[in-house]
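I opened the model today and kept short notes. One residue comes first, then the strands around it, then the whole chain.

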Amino acid sequence: MNGGSFELPARISGLEPGAACSAGRVCVGDIEIKVNLQIRHVTRGVGTSYECGARFFPTSDEDRNEIAALVSRLYSMPTT
C-alpha cells in the first residue's frame with residue numbers, strides 16, 4: 001500500500017535508489033493521487049526499458065485515503 005513500480009522507456013540520469021522525488025502523481029484511470037516518492041530500485045527491463053520501484057508518500061490525508069481505497073479495489077478484483 002505504500003509503493004509500486006512503473007516502466008520507464010529509458011534510464012533517467014540521477015534516478016538512483018534512495019533518490020527523493022517530489023510532486024509525483026499516481027494515475028489509474030480517472031484517479032490521480034499526489035505523492036512524493038523515494039526510489040527503491042531501477043532495474044533493466046526488456047530492450048531499452050527500465051522498471052522503477054518507489055515508495056509513495058501521499059501529500060495529504062485525502063491522497064492517503066485515495067491510495068487505500070484504490071488498493072482495496074484492486075485486491076477485490078477477480079483474477080484470471
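**Entry 1: R55**

I started with R55, which sits in strand β4. Strands here are DSSP runs of E with at least two residues, helices are runs of H or I with at least four, and both are numbered from the N terminus. The model is predicted, so I noted its limits: local features need pLDDT of at least 70, side-chain atom pairs count only at pLDDT 80 or more, and totals for chains, interfaces and linings use all residues. Numbering runs from 1 along each chain as its sequence is written, and side-chain values use heavy atoms, with hydrogens and water left out.

Is R55 buried or exposed? R55 has a relative accessible area of 35%, so I logged it as partly exposed. The cut-offs are under 20% for buried and over 50% for exposed, with partly exposed in between (1.4 Å probe, protein chains only).

Which residues does R55 touch, apart from neighbours within four places in sequence? I listed N2, G3, N36, L37, Q38 and R40. Contact means heavy atoms within 4.5 Å. I then checked G3: it is 52 residues from R55 along the chain, yet the two C-alpha atoms are 4.1 Å apart.

**Entry 2: the sheet**

Next I traced the strands. Four of them form an open sheet in the order β1-β4-β3-β2, with antiparallel pairing. Two strands pair if DSSP finds at least two bridges between them. The edges are β1 (3-8) and β2, each pairing on one side only. Neighbouring strands are turned by 50 degrees against each other on average, direction ignored. Axes for such angles are lines fitted to C-alpha atoms, for helices over the stretch in contact; angles run from 0 to 180 degrees between N-to-C directions.

I took β3 and β4 (residues 50-58) as a pair. Nine bridges join these antiparallel strands. V42 has C52 as its bridge partner in β4. I39 stands opposite A54 in β4. The two strands form a hairpin with five residues between them, and G47 in that turn has a positive phi of about 65 degrees.

Then I went to the other side of β3. How many bridges link β2 and β3? I found seven between β2 (residues 20-28) and β3 (residues 31-44), again in the antiparallel sense. C21 has L37 as its bridge partner in β3, and R25 has K34. This hairpin leaves two residues between its strands, and G29 in the turn has a positive phi of about 60 degrees.

For reference, side chains in a regular strand alternate between the two faces of the sheet.

**Entry 3: A23**

One residue in β2 made me stop: A23. A23 is not a glycine, yet its phi is positive, about 65 degrees. I asked whether A23 is buried or exposed. Its relative accessibility is 69%, so A23 counts as exposed.

**Entry 4: the helix and S72**

I moved on to helix α1 (residues 61-76). Helix α1 packs on the sheet and touches β2, β3 and β4. Its direction makes about 70 degrees with that of β3.

Within α1 I looked up S72. S72 is partly exposed, because its relative accessibility is 46%. I also compared its position with S49, 23 residues away along the chain. Their C-alpha atoms are separated by 29 Å.

**Entry 5: the whole chain**

I closed with totals. The protein has one helix and four strands. From the N terminus, the order is β-β-β-β-α. The C-alpha atoms fill a box of roughly 35 × 35 × 20 Å along the principal axes.

Of the 80 residues, 26% count as buried. Among contacts with a separation of 6 or more, 44% come from residues 24 or more positions apart. The exposed area is about 5700 Å², and carbon and sulfur atoms supply 52% of it. That area comes from the Shrake-Rupley method with a 1.4 Å probe; for residues, only the protein chains shown count as cover.

Last, charges. I noted 8 positive and 9 negative side chains, with the centres of the two sets 6 Å apart. Lys and Arg count as positive and Asp and Glu as negative; His and the chain ends are not counted. Each charge is placed at NZ of Lys, CZ of Arg, CG of Asp or CD of Glu.
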